[in-house]
Amino acid sequence: MSERGNELTTLDDSQPAAEEVQSDSEVSAMAQESPKNSAAEISVTTNGQLEDSHEHNFNRDLKHSLPVGLGLSETKITSHGSDNTKEGVTEAGPFQGGRMQQKSGPVVLADEVKNPAMEKLELVRKWSLNTYKCTRQIISEKLGRGSRTVDLELEAQIEILRDNKKKYENILKLAQTLSTQLYQMVHTQRQLGDAFADLSLKSLELHEEFGYNADTQKLLAKNGETLLGAINFFIASVNTLVNKTIEDTLLTVKQYESARIEYDAYRTDLEELNLGPRDANTLPKIEQSQQLFQMHKEKYDKMRNDVSIKLKFLEENKVKVLHNQLVLFHNAIAAYFAGNQKQLDQTLKQFHIKLKTPGVDAPSWLEEQ
């Protein structure tokens, strides 16, 4: 035991015996003292620790002695051993006034706080599960083990569209080849006409002959440029039809096929759960699977309706565009090879085609104002 503890529990023999005896009046006076002095009456064991039997009473008295608004939660009681010079020290927080200060603002529950990391993790989990189901459905269909939903009428229209796209792409490629070759021929005719014109000036004996050939080649080059303008207009219109209009419809078809695979995947999953046992563990799974199936069924029906509408409008637009372009192509080719320059010019005016003058750049936007 420490000497400090012994000094607290034993009386000093050097003190007079008269100080040990207290009168009843002094005892009653000490009992009526303010609660502030009650801290000095705490019983201390021989090892310098507070006695457990008096802890409750001390806290109760201390609570009454503290100012209003300062609770025991703000009070810290420290009791140290003999090695420390302070014992039974009471440390209280700063007094905030008669009322507790409260922070204003909305109260946010912990359950309502959303963690971005957890949200991303949940999205990745859902995406992985959906990808797994769709991959399993695709493999099952290729192996002939799984069933797939088929709209025979819609599938036939999609197949025809894809086949027509390949044929239109072949026509577009051939038309571009013809345009390139015609451009080279027109360029050669123009150069040949310039050569004949130069020789007609330098050869007096063959002046007329070179002049006739120069005029003929220049006329052919001019008609060739007119035909080239018609062919390029035809190529631009068909290219827009194939690579924009039809491609946009096929993009919707791809989305429809993806929705069909998801629909079949969740349909198969629901069928497998319905074939299994029904108990407390499987019923929530069946209900959740039914909700997912219904959601993907609505998505599939929506995409199927969108594809049907786009195919209908595409067919109408395709007939209108190709009708005008085929008439243009036929009239321009026939007029060119017939040597009918007037008919060729009239064909370009009919379809509002403006030829670009060779060697002249397009006007800037300032000049167009």
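A: A contact means heavy atoms within 4.5 Å. In this protein, among contacts between residues at least 6 apart in sequence, 71% join residues at least 24 apart.

Q: What kind of model is this, and how are residues numbered?
A: The model is predicted: local features need pLDDT of at least 70, side-chain atom pairs count only at pLDDT 80 or more, and totals for chains, interfaces and linings use all residues. Residues are numbered from 1 along each chain as its sequence is written, and side-chain values use heavy atoms, with hydrogens and water left out.

Q: Where is confidence lowest and where is it highest?
A: pLDDT is the predictor's confidence in each residue, from 0 to 100. The mean is lowest, at 41, in helix 1 (residues 3-9) and highest, at 93, in helix 5 (residues 152-202). Over residues 65-112 pLDDT is below 50, yet this stretch has 52 contacts in the model beyond near neighbours in sequence. Where pLDDT is low, the predicted coordinates should not be read in detail.

Q: How many helices and strands are there in the protein?
A: Helices (H or I, at least four residues) and strands (E, at least two) are DSSP runs, numbered from the N terminus. The protein has nine helices and two strands, in the order α-α-α-β-β-α-α-α-α-α-α.

Q: What span should helix 6 have?
A: The expected span of a helix is 1.5 Å times one less than its number of residues. Helix 6 (residues 207-275) has 69 residues and so should span 102 Å; its end C-alpha atoms are 98 Å apart, which agrees.

Q: Where does helix 6 bend?
A: A bend at a residue is the angle between axes fitted to the seven residues ending there and the seven starting there. Helix 6 bends by about 35° at Glu247.
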